[in-house]
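Trainee: I would like a close look at one part of this model, the nonpolar core, and then at what is built around it. Please take it step by step.

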Amino acid sequence: MTTSGVRVRIAPSPTGEPHVGTAYIALFNYLFAKKNGGEFILRIEDTDATRSTAEFEEKVLDALKWTGLKWSEGPDVGGPYGPYRQSERKDIYRPFVEQLVRDGHAFRCFCTPERLEMMRDAQRAKSMAPKYDGLCLHLTAEEVTERMEAGEPSVVRMKIPTEGSCKFHDGVYGDVEIPWDSVDMQVLLKADGMPTYHMANVVDDHLMKITHVARGEEWLASVPKHILLYQYLGLEPPKFMHLSLMRNADKSKLSKRKNPTSISYYSALGYLPEALMNFLGLFFVQIAEGEELLTMDELAEKFDPENLSKAGAIFDVQKLDWLNGRWIREKLTPEDFLSRIFDWASENDRLTEGLKLAQSRISKLGELPPLAGFLLANDVGLTPASFAGLKTSPAETLEIVNTVQFDLEKIVEWNVATIEEELRAISDRLGKKLRVVTPPLFVAVSGSQRSLPLFDSMALLGRSVVRQRLKVASQVLASMVGSGS
C-alpha cells in the first residue's frame, strides 16, 4: 500500500506505435508517485475496438518497460483493482450508465451517423462549433422503450447544464472556468455497449482509487464533463494536473507527420533509455547549468510539481543527442557499452536475421557492411544521386513513395506477409507492376539499389524507422521534382 495514499496512473490506448508523449506523461506520473511515496499504475484504455490491437498493446508494454518505468499494478502484473484493460471491464460500467439514465442525468440518443454529420455540416456552415443539438433529449420513456424494443440502435449521452460555467482548480493552470454552453452532450455508452473514454475514465479512476490525474493539456477542455459525471454519480473527483504538450522547435505540435515520435524509433536508433528519460525529466525539474545529467532517482529528488511551466515542452533533438552522448561516454563502463551495443543490434532480431538474409547475396564477408549496414544505420544518406538509374522518373518515384508512406499506416500487424500484401495492393491501385514499385523503396529504406529482400528488411527495421526513411526519401524526391532534375 502507499505510504501517502497517492495513486496515479498512465492510461495509453493501444491504437498505434507508442508515442514519446506517452513516455513524457508516464514519467511525470512515475516521479509524482515516487516523490510522494505513492503507487504508479498502468491501465490500458482499449474501448476503441476498431483500432486497439493486441500487437499495439504489446508494443506499449515493451516501450514503457524499455524506458525503465515500473508500475505496481497493471495488465501484466495484476493488482487489487483489476482487470486493468478496459475491454475486460465492460460489465463494470453499465450499472453506472444505468444510474445516470435513471437519475435523469443521461438519455438515449437514436440519431444516425448520417443525421449527425448533416447536423455538424450545418453548424460549421454557420461558423458554429459542432456539438449535439439535443434532438433526442426530450423523448418520453415510452418512446425510448418502443424504439429500443424495435431494435433501433442507440447510444447514451450525458446531459449538460444550459447556464453558467464549470469552475475547477488545475495543478498547472490554476483556477479555470469553462462555460457550459461550450461543452457537448458527450456520448457515454456506444451502440456496441462499450463506454467512451470519458465514461470509462471516470469510473476506472474512482474504482482504482486514483487520487491525482496528470495528463496532457489537450484534455483540459474535457474536465467539465468529468467533474459533472463525478457529481452526477455522487463521487469525489481526483485532483487534476494538465501538462503542456511537447512541441517542435517552431512551437508546432509534435506529431508523426512532421517528426519521428515513436519510442521504438529512438530505441532503434540507439538512444539509451536513461538518456531519453533524463531528457524528458528535465521538463519537470529546476536545475543549474552543469547539472543536466540525472538518473531517475536524481530526477525524483529534484522533481517539483508545484513549479510546472504552461509553456510547451520543446522536443530538442540536438539536446537529446548531446545528453545521449554524455550518457554513453560518462555513465557506461566499457563492459556496459559493449553489452548495450549487442542488445541494441539484436533488437527485433535485426542483426541475426539480417545476416541470414545476406548469406546468399555475398561472396566475401567483407561485403556485409555495405549490404546489410542499413539495418543498423541512423541515416542511409539519401541524395538525388541515390535515385539515379531508376526506370521511373522522379515524379513517378515520388508518387510511389508518398503512396506507400501513407498506405503502410493501414497495416495493423507489421510483418513480412502483411507488408508484401499491402505493397501488392498498392501496386494494383497505382496500376503498376510490383517490380516497378519496389526499386524506389529499396533505395528509400536501404540507400542502395542492391540490398537485402525488401519485405524482410522493412519488417526488421520496424514501422517507425521505415516511416521516417520514406519521409526523408519523399523530401529528396520532391526537391528533384521541384528543380526539374
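Mentor: This is a predicted model, and its largest nonpolar core has 97 residues. Leu280 and Leu423 are the residues with the most contacts inside that core. Helix 1, residues 20-36, supplies the largest share, 11 residues. Leu280 itself touches Val20, Ala23, Tyr24 and Leu27, and also Met246 and Phe315, when residues up to four places away in sequence are not counted. A second core, separate from this one, has 47 residues, and Ile41, Leu116, Val187 and Leu229 are included in it.

Leu229 leads to a pair of helices. In helix 7 (residues 223-233), Leu229 is one of the residues that meet helix 6, together with Lys225, His226, Tyr230 and Leu233. From helix 6 (residues 197-207), the residues on the other side of this meeting are Tyr197, His198, Met199, Asn201, Val202 and Asp205. The two helix axes come within 10 Å and cross at roughly 55°. Helix 6 is therefore oblique to helix 7. The crossing of helix 6 and helix 7 is right-handed.

Tyr197 also leads to a loop residue, Thr47, which lies between strand 2 (39-42) and helix 2 (54-66). Thr47 counts as buried because its relative accessibility is 7%, where the cut-off for buried is under 20%. Neighbours within four places in sequence aside, Thr47 is in contact with Gln86, Lys190, Met194, Pro195, Thr196, Tyr197 and Ala200.

Next, the strands. An open sheet is formed by 3 strands in the order 3-4-7, with antiparallel pairing. Strand 3 (106-109) and strand 7 (187-189) are its edges, each pairing on one side only. From one strand to the next, the twist averages 45°. Strand 3 is joined to strand 4 (residues 155-158) by 4 bridges, and Phe107 has Arg157 in strand 4 as its bridge partner.

Strand 5 (residues 165-170) and strand 6 (residues 174-179) are an antiparallel pair with 6 bridges. They form a hairpin, with 3 residues between the two strands. In a regular strand, side chains alternate between the two faces of the sheet. In strand 5, Cys166, Phe168 and Asp170 make up the covered face, while Ser165, Lys167 and His169 make up the uncovered one. Cys166, from the covered face, has Ile178 in strand 6 as its bridge partner.

Technical notes:
Residues are numbered from 1 along each chain as its sequence is written. This is a predicted model: local features need pLDDT of at least 70, side-chain atom pairs count only at pLDDT 80 or more; totals for chains, interfaces and linings use all residues. Side-chain values use heavy atoms; hydrogens and water are left out. A nonpolar core is a set of buried Ala, Val, Leu, Ile, Met, Phe, Trp, Tyr and Cys residues joined through side-chain atoms within 4.5 Å. Buried means under 20% relative accessible area, exposed over 50%, partly exposed in between (1.4 Å probe, protein chains only). Contact means heavy atoms within 4.5 Å. Two strands pair if DSSP finds at least two bridges between them. Axes are lines fitted to C-alpha atoms, for helices over the stretch in contact, and angles run from 0 to 180 degrees between N-to-C directions. Angles under 35 degrees count as roughly parallel, over 145 as roughly antiparallel, 65 to 115 as roughly perpendicular and the rest as oblique. A crossing is left-handed if the near helix is turned anticlockwise from the far one by less than a right angle, and right-handed if clockwise.
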